Amino acid sequence: MVSNDQHNETIDEVIEELQTEQQEENKAQEDPRIEELTKLAEENQQRYLRAQADFDNFRRRTQKEKEDLAQYASMKLIGQLLPVVDNFERAVSAASANQDFEALAKGVDMIFRQLEQTLQQEGLKAMDAVGEPFNPEFHQAIMTVESDEHEEGIIVEEVQKGYILKERVLRPAMVKVSG
């Protein structure tokens, strides 16, 4: 005869076997989904790593381009100024050979106009300050003077020209203002 303890052990063993079989069946049913999700997670991880590497490369490339641009930004302007420098050299050598100071003055004037034209093409514009109201954004007052001709706050004399590059003040004009 089988004792209760042996019978309970047998029942426990059968139940355990059934549970193990059930777990294996569940695993078999879930495996394709788990496998598919694991594969998808790995693909997404690889995409992320590639995108991160692409971004790092892009950042390095744009930083290099920015450095190159800053280093060679004045290249175009200097190229445009070289003919002016050449003309100055010719004027100086011609003046020392001929001793004709009138011709030198005329040559320097022509070169100055050539220089002004080149700078204007790059967006440089001289300010017209005399007779204008004083504006601290464009003018630097170095003194006030009494004037019967102008009312108070009007620029009477320009001591040093001011310049605007495109839309920004490059150098404010140094002026005397009526007081």
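Helices (H or I, at least four residues) and strands (E, at least two) are DSSP runs, numbered from the N terminus. You're working with a predicted model, where local features need pLDDT of at least 70, side-chain atom pairs count only at pLDDT 80 or more, and totals for chains, interfaces and linings use all residues. Residues are numbered from 1 along each chain as its sequence is written, and side-chain values use heavy atoms, with hydrogens and water left out.

**Exercise 1. Find Ala-126 and work out its surroundings.**

Step 1: Start with its place, which is strand β1.

Step 2: Now the accessibility. Buried means under 20% relative accessible area, exposed over 50%, and partly exposed in between (1.4 Å probe, protein chains only). Ala-126 has 31%, so it counts as partly exposed.

Step 3: Look for its contacts, meaning heavy atoms within 4.5 Å. Setting aside neighbours within four places in sequence, Ala-126 touches Lys-161, Gly-162 and Tyr-163.

Step 4: Try a distance too. Ala-126 and Phe-88 are 38 residues apart along the chain, and 22 Å separates their C-alpha atoms.

**Exercise 2. Describe the sheet that contains β1.**

Step 1: Get the strand order. This is an open sheet of three strands, β1-β4-β5, and the pairing is antiparallel. Two strands pair if DSSP finds at least two bridges between them.

Step 2: Spot the edges. They are β1 (124-126) and β5, each pairing on one side only.

Step 3: Check the turn between neighbours. On average it is 35 degrees, direction ignored; the axes behind such angles are lines fitted to C-alpha atoms, for helices over the stretch in contact, and angles run from 0 to 180 degrees between N-to-C directions.

Step 4: Zoom in on one pair. β4 and β5 run antiparallel and are joined by three bridges. Ile-164, for one, has Val-169 in β5 as its bridge partner.

Step 5: Don't skip the loop between β4 (163-165) and β5 (168-171), where Lys-166 lies. Most residues other than glycine have a negative phi. Lys-166 isn't a glycine, yet its phi is positive, about 60 degrees. With 58% relative accessibility, Lys-166 counts as exposed.

**Exercise 3. Do the same for the other sheet, the one with β2.**

Step 1: The order here is β2-β6-β3, again an open sheet of three strands, with mixed pairing.

Step 2: β2 (139-145) and β3 (155-160) are the edge strands, and each pairs on one side only.

Step 3: Neighbouring strands are turned by 30 degrees against each other on average, direction ignored.

Step 4: β2 and strand β6 (residues 173-178) run parallel, joined by six bridges. Val-145 is bridged to Ser-178 in β6.

**Exercise 4. Work out how helices α2 and α3 pack.**

Step 1: Two packed helices are described by the angle between their axes and the distance between the axes. For α2 (residues 75-98) and α3 (residues 101-121), the axes come within 10 Å and cross at roughly 175 degrees.

Step 2: Put a word to that angle. Under 35 degrees is roughly parallel, over 145 roughly antiparallel, 65 to 115 roughly perpendicular, and the rest oblique. So α2 and α3 are roughly antiparallel to each other.

Step 3: See who makes the contact. Among them are Gln-80, Leu-81 and Val-84 of α2 and Thr-118 of α3.

Step 4: Follow Thr-118, which sits in helix α3. At 8% relative accessibility, Thr-118 counts as buried. Beyond its neighbours within four places in sequence, Thr-118 is in contact with Gln-80, Leu-81 and Val-84.
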